[in-house]
Amino acid sequence: MTRKILIVDDIKENLLSLGALLESNDYSYISSSGGKEALKILSTQHGIIDLIIMDINMPEMDGFQTAKLIKDRPKTENIPIIFLTAGREDYAKKMSGFLDGSVDFIEKPIDDVVLLSRIAAFMKFKKAHDELLRLNKGLHKKILECERVEEKLALSSIVFENSIEGIVITDVEGNIELTNPAFLKTTGYEEKEILGENMRILKSGKQDKEFYQEFWGSICGEGHWEGEIWNKKKDGGIYLEYLSVMSIKNANGETLRYVGFFTDVTDRNEAERLLIHNALHDTLTGLPNRLAFNNAINDAIKKAEEDSQLMTIMCIGIDRFKKLNDTIGHGAGDELLKQVVKRFQIITPQSTIISRLGGSEFAFLFPEISHEDDAFALAHHILEEIKSPFKINGNDNYITASIGIGIFPNDGETSEILVKNCILTLNRVKEQGGNSFQLFNHVMNMKAVEMVNIERNLRKALVKDEIIVYYQPKVNIQTGKIVGAEALVRWVRPEEGMVSPAKFIPIAEESGLICLIGEWVLREACRQAVEWHKCGHEDFSIAVNLSSRQFQERDLVATVRSTLKETGLDPNKLELEITESIIMGDVESAIFTMKELSVMGAKLSIDDFGTGYSSLSYLKRFPINTLKVDRSFICDMTENIDDAAIATTIISMGRTLNLKVIAEGVETKAQMEFLKKHNCDEIQGFYFSKPLPANEFKELLDNGDFDT
Ligand code: C2E
Ligand code: MG
Ligand code: MG
């Protein structure tokens, strides 16, 4: 951008002649006809104006006034001004305000040579002035930089002194030159003891040669190393630090020093170790938990697969531990479990992995046992060893255990399946009385064979009259009168004797045979009831159980209707027992079926009430007549306050809903009296009678009322 001279004169001719003079001497210029206009130009173009030539006598604002304003403004104060005066009058006085060397004057008429030489002098001065300004600016910047460096140094020093990270600076040999308080605190040294010492003084001996090779390799190669390292304190104690070391190099890339930053992570490391340990271990026994055991099996599976090996897993449970635990107290129970674990560790092979699955159940992994026979021998040995007494608080405690055995890969190909199958087998052993072991495969095979057998025989049983119905009385609790009976199916096998419905009904359900059986029981029970009616027991009601499969059959309602018609039983004297789970499946269709049955006149009763999920709001929607309190609540009712509360709640709930309440499984006088006190309507149970064949039941009926 070209630099310019600003000329200010109210007389146009003067401006023109001055302009011509400047132009012919290679100066560019801007002209202005008065002070105000000059100020305006300066306000936007002050940056390119090097000099102002200004007339003093101007009408609006004279030269001095204008100059004063120019000199008052920081952006224009340094622009030199040459005044053009008509004479010398007042000159000294008026110029006194501007005597800073940047103002001059020339008398009119103007001598071109004088003016040009003054201009040249000012321009030279301006150049020097600008140069000075530039230098000054540079100097100022340098000073600022210095100040900033100083400030930075002060800050660094504060950080260095107060950092919670230990910091150490060494020379290239590793001799300590500088440390901060955190370093001294962690290592236990005083500054004067440690300065000049070599970093070797902190070596714990826990890292091997390879570690240091990698360490120096990284520092020399990448100029940096970071990681965990064990070091030694002044008192000999070792600590784990997270260290970051870097080399400090000069411009030529030569290493001058090393700086190390570290944090003592011993505590954190310990906490992490503990967390990991707790996530994978049982707190009572310290054994690996199920998660850790699964990991161990998965590792073993990988190895076994590589070597095409078999291996054995066992789940072992202490028989009836809950009862024992309640008897000896939980503290002693815990102690027993600990002793059991110790014994396990002694009697199992060295390579065994033992885990606590929870409660009194444990799992073993025997990576080296691949034969069924060896597994059986070992299981037998464990069961024998566990029988020796455990001394707790001076008392001998005797226990037995059950074992479920699984062999990889036959009994499961993943740890989850293997453990699940072993637990299944263990439960099966427990159900059969415990103190024994079984192989999963055998259990499953046996179960499958048993199912097929039962199903085949059940089909024949129907034809061969092996299926019969037993009757168990339902007694009015106030009067002691037998008001009805529940028809309970029995399977009498020629060789084996009586098979429990609990055993064959689930199989009959699965195969669909239940519908045939159910239909038969219904007909037989109705026929029997009509017979008893004829013998003078007109009020007698018969209750028949319906299975879920039967309940879902499309023609259930038709079957019931035709059976009633065929046998001539009054529908009011038939009660159908269904469980909560049956109706809670498809609620809407259940309500539909129940309504049809109820319209027909049959009564509906909810069996095993309290064990399902029925809510009050649902109960209101079902057309039911009776709630049958499940046996499990009755059995402990007089000892267990929770069970008592449930039983009494069901009774009072039944009352509010206008339902009859019957309690099943009543075995004692105490239970009977409790139920009577709480206004239960009817009871059924061994206290009065077991289920009986029809002829024996008839005798009971004829004998009259029970005492209640
Ligand atoms: P449920 O309907 O709850 O029948 C009551 C069961 O409790 C019967 O067992 C009965 O013998 C038993 N019981 C009665 N009083 C006492 C007592 O005081 N103490 C004890 N410990 N038990 C008592 P059961 O006859 O073995 O029948 C078991 C289940 O089999 C029945 O439970 C029922 O769900 C089913 N069931 C029986 N007969 C049939 C049937 O004809 N059809 C269908 N679908 N299921 C049936
Ligand atoms: Mg029943
Ligand atoms: Mg029941």
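# Note on the predicted model and its ligand site

1. **Shell of ligand 1.** Ligand 1 is surrounded by 23 residues. Closest to ligand 1 are Arg 490, Asp 607, Arg 631, Glu 667 and Phe 686. Please keep in mind throughout that this is a predicted model.

2. **Which elements build the shell.** At least two shell residues come from each of β19 (482-493), α16 (501-511) and β23 (603-609). Which element gives the most to the shell around ligand 1? That is β19, with four residues.

3. **Polar contacts to ligand 1.** The backbone takes part: an N or O atom of the Val 489 main chain is 3.1 Å from a ligand nitrogen. Side chains take part as well. Arg 631 places a side-chain N or O atom 2.7 Å from an oxygen atom of ligand 1. For Glu 664, a polar side-chain atom is 3.2 Å from a ligand oxygen. Taken alone, ligand 1 exposes 790 Å², and 83% of that is buried by the protein.

4. **The pocket.** Where does ligand 1 sit? The space that ligand 1 takes is the largest pocket.

5. **Disulfides.** How many disulfides does a search of the whole structure find? The count is zero. Cys 515 is one cysteine to check. Cys 515 is in no disulfide, and the nearest cysteine sulfur, in Cys 526, is 16 Å away. Cys 515 is also buried, at 13% relative accessible area.

6. **Cys 635.** Why is there no bond from Cys 635 to the closest cysteine sulfur? The closest cysteine sulfur belongs to Cys 680 and is 16 Å from that of Cys 635, so it is too far for a bond. A disulfide would need the two sulfur atoms within 2.5 Å. Is Cys 635 buried, exposed or partly exposed? Its relative accessibility is 41%, so Cys 635 counts as partly exposed.

7. **Cis peptide bonds.** Most peptide bonds are trans. Two exceptions deserve a look. Lys 108 and Pro 109 are joined by a cis peptide bond, with omega about -5°. Pro 109 belongs to the loop between β5 (103-107) and α5 (112-162). Phe 408 and Pro 409 are likewise joined by a cis peptide bond, with omega about 0°. Here the proline, Pro 409, is in the loop between β16 and α14 (415-431).

8. **Ser 402 in β16.** Strand β16 (residues 401-408) also holds Ser 402. Is Ser 402 buried or exposed? Ser 402 is buried, with a relative accessible area of 0%. A polar atom of the Ser 402 side chain is 3.4 Å from the backbone nitrogen of Asn 435.

9. **Positive phi at Ser 308.** Most residues other than glycine have a negative phi. Ser 308 departs from this, with a positive phi near 50°. Where is Ser 308 placed? The loop between α10 (290-306) and β11 (311-318) holds Ser 308. With a relative accessible area of 68%, Ser 308 is exposed.

10. **Positive phi at Arg 320.** Arg 320 also has a positive phi, near 50°. The loop between β11 and α11 (321-328) contains Arg 320. Arg 320 counts as exposed because its relative accessibility is 53%, and the cut-off for exposed is over 50%.

11. **Asp 9.** The loop between β1 (4-8) and α1 (12-24) contains Asp 9. Asp 9 counts as buried, at 1% relative accessibility. How far apart are Asp 9 and Thr 266, C-alpha to C-alpha? The distance is 87 Å in space, for a separation of 257 residues in sequence.

12. **Met 637.** Met 637 is in the loop between α23 (631-635) and α24 (641-656). Is Met 637 buried or exposed? The relative accessibility is 2%, so Met 637 counts as buried. From Met 637 to Thr 579 the C-alpha distance is 21 Å, and the two are 58 residues apart in sequence.

Definitions and conventions. Residues are numbered from 1 along each chain as its sequence is written. Chains are lettered from A and ligands numbered from 1 in the order in which they are written. This is a predicted model: local features need pLDDT of at least 70, side-chain atom pairs count only at pLDDT 80 or more; totals for chains, interfaces and linings use all residues. Side-chain values use heavy atoms; hydrogens and water are left out. Buried means under 20% relative accessible area, exposed over 50%, partly exposed in between (1.4 Å probe, protein chains only). A residue is near a molecule or strand if one of its heavy atoms lies within 4 Å of it. A polar contact is a pair of N or O atoms within 3.5 Å; within protein, one must be able to donate a hydrogen and the other to accept it, and residues adjacent in sequence count only if both atoms are side-chain atoms. Accessible areas come from the Shrake-Rupley method with a 1.4 Å probe; for residues, only the protein chains shown count as cover. On a 1 Å grid over the protein atoms alone, a cavity is a set of points where a 1.4 Å probe fits but cannot get out, and a pocket is an open set with protein on both sides within 12 Å along at least five of seven lines; lining residues have an atom within 4 Å of a point. A molecule sits in a cavity or pocket if more than half of its atoms lie within 2 Å of its grid points.
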